[in-house]
Amino acid sequence: MNEKVKSGSRNVAIVGPYLSGKTSLLESLLFVTGGISRKGSVKDGNTVGDSATEARDRHMSVEISTANTEYNDTRFTFVDCPGSVEFAQETYNALIGVDAAIVVCEPINERVLTLAPLFKFLDDWEIPHMVFVNKMDRANIHVLETLHSLKAVSSRPLVAHQYPIMQTEQLIGFIDLVSEQAYHYHDGAPADPIPFPEELKEEEHIARAEMLEALADFDDHLLEELLEDIEPPQEEILKDLKMELGADLVVPVFFGVAEQDYGVRPLLEALLREAPEPETTAKHRLGEQKGNQPLAQVLKTFYTPQGGKLSLVRVWQGKLTDGMNLSGIRPGGLYRLMGQQMESVREARAGEIIALSRMESINTGDTLQEAGKVELPQAKKLEPVYALAITPEKRNDEVKLSSAITKMLEEDPSLAWEQHGDTHEVILWGQGEIHLQVTLDRLRSKYNLPMTTHLPQVPYKETIRKSISSAHGRYKHQSGGHGQFGDVYLDIQPLSRGEGFNFNETIVGGVVPRQYIPGVETGVREFLTHGPLGFPVVDVAVTLTNGSYHSVDSSEQAFKLAARLAMQSGLPQGNPTLLEPIVRLQVTTPNEFTSKVMQLLSGRRGQILGYEGIHDWQGWDHLTAYLPQAEMQNFIVELRSQTLGVGSFDWQFDHLQEVPDKVAERILTTSENTGSNGNAKNGKK
């Protein structure tokens, strides 16, 4: 690519729901600008975007792809973002580094709601965005219906920038609502001006009036012109569009068919003419910064087979040069990306998005600078909602697993993992089933770590319902020479839920010498890791009340074993009961689905605590509920299926609660049949 300094640049994210045609739009944008000589297709797996094996196997984006091209002496960097909600973290991390976004959608009313979370993020961050209604060759509703549906899910007014010309349900051209010039599309060539179609005059007039009225809400001079029936000049309309788009006050709407390049050139012209320049974006995001010291932020981390670690960064201020230190680290090189292709560059100026190599201790979201302590805001990290327990197929690979997963978490911050203390499982957490399957595929292909998986065990606990007095344990062993002798009496009492474990002693007269009492506590604690029902015991108090010892044969080990015997004989008499973890959920859903979500929670033994509207998100509700952790495993799958994929939740452990008798009976039966606590089998329900 030509290395001369361009007169301008734009960084544009392409976002939208799964199957809306984002990657096809990127191909078309690159093709009509000369960035590529031949278009690829998602079906054939030869596009610039979706170049990862996992993406091509699934015909869907699973991570962001970056591509550069030039148009009218301006360098465009496009960031193609995944559409699946399971990869939303990728999209959010990338959006904070662009000047504008193109929201791609289909002209299908039933799917418009899937745009709502994306619009909410864009507006919360005040990121200028346009809408490109793609696949107009498949439109089955009137354009005004599409606009009406879109307006219902956006907090910013949507304004049609053009009006599509349809013929027998096929898109053949458009009317520019600013100039009121009509155009006719041609395959492989720019659209030609044509006479205004009189049959669309009334509909076009309505759409144009709505556009001008929306702009006039932010421009008193334009409002006066409209009230006095003065036709505003085109220059004034374009100026208002640029100002109000740049301030995220309005959302222009375009129509097209990306696979045929229809509508792509007008979209490019609007980006060039109306999207904010990088300097404007930087001033808005950073405020007034003193000096011009280099300042950049990491949008994405990649680990590549050839180049190692790559950090995709937005340069906000100053200039990055080869060999300079950033946050105490010297990058191995500067690169401009075109899908998986890398082009080395010597410098990157403010407004560019480039990759830095070998920034080993730098993570996604980090701020890079030569000196100073500026910290740029980061996209919120999404809480994990779906889990699998994983085990390497080859036992020798356990050593490599930790290092590989650490790298995976650097690439994808929406992943998490833990070594569970009770179940001893390695648990991988993510945003859904597809998300984790992609992660497992990468572990296999990039790190040669094939995994077996199962649903995680539920960390059940047990406790007792009544007290046991003077549980007796005596350990006596004689095998020649010194023997072993320990003798204890224990009182065992239930505690209130959440109090854990207490150990006390009321020994008088030295019947158990002081040096042996720690051994008694150790024996009790060891027994509590596996109670009468087969699970860790909680919320009990144990008191050492009496005992005896032998001056020669007694030892701390003997008293530890005696304490275990006392617990083994005493605890089953306390009416043991099974406890399950209860989590507190905060579910977010469109209010039209609130009743369905409540039924879903109730059907999973949930306890609904209440719900209320979200004050800054009209038409959406927050539900709060308690839900047994055993019922959470596929909850996100059902929630999304009930809410067109837009329902979500945050959760945290809240308390332990007794398991209902019928459920406990099933769990314990499973435990007996498997010869273990049986949780893995139960968790698969």
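Tyrosine 262 counts as buried, with a relative accessibility of 9%. Keep in mind that this is a predicted model. From tyrosine 262 we can move on to its ring partner, and then to other aromatic rings in the chain.

**Tyrosine 262 and its partner**
- Tyrosine 185 also counts as buried, because its relative accessibility is 8%, and the cut-off for buried is under 20%.
- The count of aromatic pairs comes to eleven.
- One of them joins tyrosine 185 and tyrosine 262, whose rings are stacked with 4.7 Å from centre to centre and 5 degrees between the planes.
- This pair brings together distant parts of the chain, 77 residues apart.
- Tyrosine 185 belongs to strand β9 (residues 181-186), while tyrosine 262 sits in the loop between β11 (251-255) and α9 (264-274).
- Both tyrosines are also members of a cluster linked by ring pairs, made up of Phe174, Tyr183, Tyr185 and Tyr262.

**A tryptophan pair**
- Tryptophan 617 and tryptophan 620 are stacked, because their ring centres are 3.9 Å apart and their planes meet at 10 degrees; planes under 30 degrees apart count as stacked.
- Tryptophan 617 and tryptophan 620 are both buried.

**Charges over rings**
- What lies over the face of phenylalanine 302? Lysine 300 does, at 5.2 Å from the ring centre.
- Tryptophan 316 has arginine 314 over its face, at 4.1 Å from the ring centre.

Notes: Residues numbered from 1 in each chain as written. Predicted model: local features only at pLDDT ≥ 70, side-chain atom pairs only at ≥ 80, totals over all residues. Heavy atoms only, no water. Phe/Tyr/Trp six-rings, centres within 6.5 Å; stacked < 30°, edge-to-face > 60°. Helix = DSSP H or I, 4+ residues; strand = E, 2+ residues; numbered from the N terminus. Buried < 20%, exposed > 50% of the residue type's maximum accessible area, 1.4 Å probe, protein only. Lys NZ or Arg CZ within 6 Å of the ring centre and 35° of its normal.
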